[in-house]
Amino acid sequence: AICTNQIPREATSVLQLGTEDARAVTFVPRTVDELITSSSEQSGELSISCRRQLKQQRERRGTGAVIQYIDQRADDLSETK
């Protein structure tokens with residue numbers, strides 16, 4: 001499922017297009033096991049502050065979701081399985 005405000009509870013893996021901060025961690029259902037990132041930056045890399053925010057939000061929320069930090073542009077998802 002792609003991160004929207006309508007992620008089905010049955011989804012176990014979600015892809016966030018254009019990750020810029022950690023808000024997605026707050027809005028995905030607790031049933032999600034994996035959050036995959038992508039960047040809106042030209043280089044396709046997530047900033048260090050974005051990675052840190054994602055990690056902190058995951059820890060604060062107490063979810064067991066694995067965050068896959070994939071340096072890929074949101075318009076070129078060739079690294080996504």
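Me: What phi does glycine 62 take just after H2?
Reply: A positive one, about 75°. Helices here are DSSP runs of H or I, at least four residues, and strands are runs of E, at least two, numbered from the N terminus. This is a predicted model: local features need pLDDT of at least 70, side-chain atom pairs count only at pLDDT 80 or more, and totals for chains, interfaces and linings use all residues. Residues are numbered from 1 along each chain as its sequence is written, and side-chain values use heavy atoms, with hydrogens and water left out.

Me: And H2 itself, what should its 14 residues span?
Reply: Helix H2 covers residues 48-61 and should span 20 Å at 1.5 Å a residue. That rule takes 1.5 Å times one less than the number of residues. The end C-alpha atoms of H2 are 20 Å apart, which agrees.

Me: In what order do the elements run?
Reply: β-α-β-α-β from the N terminus on. That comes to 2 helices and 3 strands.

Me: What radius of gyration does the protein have?
Reply: 12 Å, and a compact globule of 81 residues would have one near 12 Å, so the two agree. The radius is taken over C-alpha atoms, and the globule rule is 2.2 Å times the number of residues to the power 0.38. The C-alpha trace spans about 30 × 25 × 20 Å along its principal axes.

Me: How much counts as buried?
Reply: 35% of the 81 residues. Buried means under 20% relative accessible area (1.4 Å probe, protein chains only).

Me: What about contacts between residues at least 6 apart in sequence?
Reply: Of those, 49% join residues at least 24 apart. Contact means heavy atoms within 4.5 Å.

Conventions. Buried means under 20% relative accessible area, exposed over 50%, partly exposed in between (1.4 Å probe, protein chains only).
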